[in-house]
Amino acid sequence: MPLTRRAFTLGALSTAAAATGALSLPRTALAAPNTSYVMAYFTESPQGLGADYGLHLAVSRDGLNWTPLNQNNPVVTPTAGQLGLRDPFVFRKQDGTFVVLATDLKGTNWNQTSQYLHVWDSTDLTSFTGYRRIRMHTLNTHTWAPTAFWDPARGQYAIVYSANNGQDVFLVNYTSDFRTVSSPQVFFSPGFGVLDGDVVVDGGTTYLYYKNLANGNLYGARSSTAAPNSFTTYTSGLLQGSGIEAPLLVKAVDGSGWRLWGDSYSPVNNDFYAWSTTAIGGNSWTPLNQRDYTPPLNSKHGSMTGITDAEYAALVARWGTPNWVRLKSSNLPDRYVRHYNYVARVDTYPFDPYQDQLWRMVPGLADAAGVSFESVNKPGLFLRHYNYEVRLEANDNTSVFRADATFYRTAGLADASWTSFRSYNFPTRYLRHYNYVLRIDPLSAGSSATDRQDATFRITP
């Protein structure tokens, strides 16, 4: 018989509701303000070449364009359970330190069940301690996509996650230390299946964003108490593409509003869409153009939170930033420059081999004031033009090759905040895409808008 909305009575999991000791003082205005963001995620790619089920981190100054850390390798990986994670959630506790929660699942076998979550503690995300798994329930089901928030009325943290008790619902356990948890209760069950909840508290209102399994759209609900079963849906369904899940809600650190991210699985997997609003309490989300944001390479279902300048600097110093770049098209922002059969193209991301889009931007082979592009997965091969078409070829160290493979960075012809690349030995010609293939063509400020857009790129990790 399906379980009802009453609290579960799993005595083995029950613990005292109150903390065993005084909680640390909340992180208030006495602490440094958040100025940047960190994102936690795992990675996959269409053919699995980029799949890694460890904890990945990226940082961002604007919360839109992200720099992977540790060369986009995991910073820590589970050593128990299914030896992999999905859906990592990074959460700042009341004392200013962090806890990371994650689904206990490696890969894509959705029939696997686990009653546990992976958990780590961290002072500033430069190291991770206290690894453990905590058991959330005793049902024969999954424990997916955890999120957490501080419930001041209870004086405890709430851990909310997806499970199936006869239908897909959100369960909640309360904790004071992310080690022992209360018995689970149904947190949200609106009469249809729900998945992938994200909960944030703003002022006196708690917001829950989720995927409606009945129609596949993302919705928002809210509550003035944050109590289980107190949430009322208030937004119309949101959808970009044809398949989306894993809503990810983050407040802009500059006070300009909120952003909602959704993890796309159709028409392509491993892509994100995003919306923005100036007021989370309204029902007015505006889709963002993919030109305006760049998720980390191969990133999937994660979480974002604000960090301080000092934390940003510590993360970069500890883990390092990529030694490669990608080139994103200005007017086809879902496409990146890659090599394919030694021809340079702009192709729709994601794709495999995903390394085809990674470039080492080195000092120009013919002039160190310029740049040349060396392939990461075919080292020693560079982009060069030949009969005005751009190809990937081995450096034969001739003066002609060095000249053909050298470009000067300029302000973007269509957007000065982006970049265009002028040929070293044909100085009136710029790198541009045409029918998705790269070439060098004569261009200037007087060229058509389309031609200038074709020659404008974002240099991004």
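## The sheet of β16 to β19

Glycine 243 has serine 266, in β17, as its bridge partner in this predicted model. The two strands concerned, β16 and β17, pair over 7 bridges in the antiparallel sense. They belong to an open sheet of 4 strands, ordered β16-β17-β18-β19, in which the pairing is antiparallel. At the edges stand β16 and β19, each of which pairs on one side only. Strands of a sheet pair through backbone hydrogen bonds, in a parallel or an antiparallel arrangement.

## Nonpolar cores

The largest nonpolar core comprises 29 residues. Within this core, Tyr209, Leu249, Trp261, Ile280 and Trp285 have the most contacts. At least two core residues come from each of β1 (36–43), β13 (205–212), β16 (243–251), β17 and β18 (271–277). Another core, of 22 residues, lies apart from the largest one and includes Val59, Val75, Phe98 and Tyr312. In soluble globular proteins, nonpolar side chains tend to be buried together.

Which residues surround isoleucine 280, once its neighbours within four places in sequence are left aside? Isoleucine 280 is in contact with Val200, Asp202, Tyr207, Tyr209, Tyr234, Leu249, Trp258 and Trp285. Among these, Tyr209, Leu249 and Trp285 are also listed with isoleucine 280 as residues with the most contacts inside the largest core.

## Aromatic pairs

The model contains 27 aromatic pairs. One of them joins tryptophan 261 and tyrosine 293 in an edge-to-face arrangement, with 5.3 Å from centre to centre and 75 degrees between the planes. Tryptophan 261 is in strand β17 (residues 258–266), whereas tyrosine 293 is in the loop between β19 (286–287) and β20 (299–307), so this pair ties together parts 32 residues apart in sequence. Tryptophan 261 counts as buried because its relative accessibility is 0%. Tyrosine 293 has a relative accessibility of 2% and therefore also counts as buried.

The pair of tyrosine 336 and tyrosine 349 is likewise edge-to-face, because the ring planes stand at 65 degrees, with the centres 5.5 Å apart. Here the parts tied together are 13 residues apart in sequence, because tyrosine 336 is in strand β22 (residues 335–340) and tyrosine 349 is in the loop between β23 (343–348) and β24 (359–363). Both tyrosines, 336 and 349, are buried. Elsewhere, ring pairs connect Phe89, Phe91, Trp150, Tyr157 and Phe178 as a cluster.

## Arginines over rings

Two arginines lie over tyrosine faces. Arginine 326 is placed over the face of tyrosine 336, 4.5 Å from the ring centre. Tyrosine 336 thus has an arginine over its face and a ring pair with tyrosine 349. Arginine 61 lies over the face of tyrosine 312, at 3.7 Å from the ring centre. Tyr312 is one of the residues of the 22-residue core.

## Threonine 305

Threonine 305 is part of strand β20. Is this residue buried or exposed? Threonine 305 counts as buried because its relative accessibility is 17%, and the cut-off for buried is under 20%. With neighbours within four places in sequence left aside, threonine 305 is in contact with Ser36, Tyr37, Val38, Val90 and Phe98. Of these contacts, Phe98 is among the residues of the 22-residue core.

## Histidine 137

The loop between β7 (129–135) and β8 (144–151) holds histidine 137. Histidine 137 has 0% relative accessibility and therefore counts as buried. A polar atom of the histidine 137 side chain lies 3.0 Å from the backbone nitrogen of leucine 139. A polar atom of the same side chain lies 3.5 Å from the backbone oxygen of histidine 142. Valine 172 is 35 residues away from histidine 137 along the chain, and the C-alpha atoms of these two residues are separated by 9.9 Å.

## The hairpin of β30 and β31

Strands β30 (residues 429–434) and β31 (residues 437–442) run antiparallel and are joined by 6 bridges. Tyrosine 430 has aspartate 441, in β31, as its bridge partner. The hairpin has 2 residues between the strands, and asparagine 435 takes a positive phi near 55 degrees.

Definitions and conventions. Residues are numbered from 1 along each chain as its sequence is written. This is a predicted model: local features need pLDDT of at least 70, side-chain atom pairs count only at pLDDT 80 or more; totals for chains, interfaces and linings use all residues. Side-chain values use heavy atoms; hydrogens and water are left out. Rings of Phe, Tyr and Trp (its six-membered ring) pair if their centres lie within 6.5 Å; planes under 30 degrees apart count as stacked, over 60 as edge-to-face and the rest as tilted. Buried means under 20% relative accessible area, exposed over 50%, partly exposed in between (1.4 Å probe, protein chains only). A charge sits over a ring if NZ of Lys or CZ of Arg is within 6 Å of the ring centre and within 35 degrees of the ring normal. A nonpolar core is a set of buried Ala, Val, Leu, Ile, Met, Phe, Trp, Tyr and Cys residues joined through side-chain atoms within 4.5 Å. Contact means heavy atoms within 4.5 Å. A polar contact is a pair of N or O atoms within 3.5 Å; within protein, one must be able to donate a hydrogen and the other to accept it, and residues adjacent in sequence count only if both atoms are side-chain atoms. Two strands pair if DSSP finds at least two bridges between them.
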